[in-house]
Amino acid sequence: SLQPPQQQILPFILVGVPSLEAFPTCLDILFCSGYNITLVGNGVVLLVIGLDNSLRDPIHCFLGRLVVINVVMVTSIVPRMLSMFWLNSTEIGYMACFVQMFLVHSTTSEESGVLLAMAVDHYVAICHPLKYQAILNRQTLAQIGLAIVVRALLFMVPLTGMVTNLPYCHPPVVPHSYCEHMAMVKLACADPRPSRLYSVAGSSLIVGMDMPFIAVSYGMMLKTVLGKKLCWKVFSTCGRHICVTLLYYIPGIASIYAQQFGSGISVHAQVLLADLYLTLPTMLNPIVYSMRTKQIHQAVLKML
């Protein structure tokens, strides 16, 4: 094996937010509050969708999937971060680190796919309303869901294999608050460029596929409704999805390219950007999208 035997049992050491170790109270309040809001908000939405039979249409199926992805994503990193702040537990097991890396990056890929699927739902509902039920039937929804998962696996399984097969001969101190793959490959004593290039190419391909399709779908919707009576209602409905999409893509793109090419950006700024990219959208999504949707709002009040 290329990897020293002892390295396979050594845990990784998570630094947290480099150069901000003296401010754990501020950080734990920030992330603990955000995590609680995320769990409560997304949990209520998921519970309502599960209990209310009127919320069985495709858009709420996609919304339920988005909620599950958000909860898995944030749960894979925040409790571990809080244990660093509260218990000073900086060690994470060798395999646990790679599992966390896989969960974080696969869920981000899946979220992009779900946002694209929601844009397609809006497009079909507005541009082809009479064919909505025929196009987005149960079989199609299952195929879309399977395609989202398969695409995430096709991206993450090779990347995980490339990262785990690197020989880690440097001290296993990860200058990050979770097992972010770019921070990990810097610890390898082999050339990390293949995995870095694969990561940038894969991320750029996913974003480069999804964002143009979302933009085109909204362009066609705009062309369909412009000047009609329901124009403002359509803008209100689609505006929430656009806000959620921008909350996901803008910090995500900034975080990816800051870590790849941002040599002039401080390490703690890169780490905080990556942390907020994963936690802030998951916290705001139920507020921006779900709670402001009339059907969800009425279902919550009915349940209460």
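**Entry 1: the whole chain**

I began with burial: 48% of the 304 residues in the protein are buried. I used the usual cut-offs here, with buried under 20% relative accessible area, exposed over 50% and partly exposed in between (1.4 Å probe, protein chains only). A note to myself: this is a predicted model, where local features need pLDDT of at least 70 and side-chain atom pairs count only at pLDDT 80 or more, while totals for chains, interfaces and linings use all residues. Residues are numbered from 1 along each chain as its sequence is written, and side-chain values use heavy atoms, with hydrogens and water left out.

Next I looked at the surface. The protein exposes about 14900 Å², and carbon and sulfur atoms supply 71% of that area. The areas come from the Shrake-Rupley method with a 1.4 Å probe; for residues, only the protein chains shown count as cover.

I then listed the elements and found eleven helices and three strands. Both are DSSP runs numbered from the N terminus: helices are H or I with at least four residues, strands are E with at least two. From the N terminus on, I read β-α-α-α-β-α-α-α-β-α-α-α-α-α.

I also checked how far apart in sequence the contacts reach, taking contact as heavy atoms within 4.5 Å. Among contacts with a separation of 6 or more, 79% join residues 24 or more positions apart.

**Entry 2: the sheet**

I found an open sheet of three strands in the order β2-β1-β3, with mixed pairing. Strands β2 (91-92) and β3 (173-174) are at the edges with a single partner strand each, so one side of each has no neighbour in the sheet. Two strands pair if DSSP finds at least two bridges between them. Strand β1 (residues 12-14) pairs with β3 in the parallel sense over two bridges, and I saw Ile 13 opposite Val 173 in β3.

Just before β2, I stopped at Asn 88, in the loop between α3 and β2. Its phi is near 55°, a positive value in a residue other than glycine. Asn 88 is exposed, at 62% relative accessible area.

**Entry 3: the core**

Which residues touch the most other members of the largest nonpolar core? I noted Phe 12, Phe 98, Met 118, Val 163, Tyr 168 and Met 184, out of 77 residues in that core. Helix α4 (residues 94-127) gives the most to this core, with 15 residues. A nonpolar core here is a set of buried Ala, Val, Leu, Ile, Met, Phe, Trp, Tyr and Cys residues joined through side-chain atoms within 4.5 Å.

I followed Met 184 outward, leaving aside its neighbours within four places in sequence. Met 184 is in contact with Phe 12, Cys 97, Phe 98, Met 101, Val 163, Tyr 168, Val 174 and Cys 179.

Met 156 was my next stop, in helix α6 (residues 138-164). Met 156 is buried, with a relative accessible area of 0%. Beyond its neighbours within four places in sequence, Met 156 is in contact with Met 101, Phe 102, His 105 and Ser 106. I also looked up Ser 109, 47 residues from Met 156 along the chain; their C-alpha atoms are separated by 8.8 Å.

**Entry 4: record against model**

I turned to UniProt, whose unreviewed entry places "transmembrane region" at residues 27-50, 62-79, 141-163, 197-218, 230-250 and 270-289. UniProt positions are given in the numbering used here, feature names are shortened, and annotations may be inferred rather than shown by experiment.

I compared two of these spans with the model. Residues 27-50 are 100% helix and 0% strand, with end C-alpha atoms 34 Å apart. Residues 141-163 are also 100% helix and 0% strand, with end C-alpha atoms 33 Å apart.

**Entry 5: three buried residues**

Is Ser 203 buried or exposed? Ser 203 counts as buried at 14% relative accessibility, and I located it in helix α8 (residues 193-225). A polar atom of the Ser 203 side chain lies 2.9 Å from the backbone oxygen of Ser 199. Outside its neighbours within four places in sequence, Ser 203 is in contact with Phe 155 and Ile 256.

Ser 76 is in the loop between α2 (58-75) and α3 (78-87) and counts as buried at 13% relative accessibility. Leaving aside neighbours within four places in sequence, I found Ser 76 in contact with Gln 100, Leu 103 and Val 104.

Last, I visited Tyr 132 in helix α5 (residues 132-135), which counts as buried at 12% relative accessibility.

Technical notes: Polar contact = N/O pair within 3.5 Å; in protein donor to acceptor, adjacent residues only side chain to side chain.
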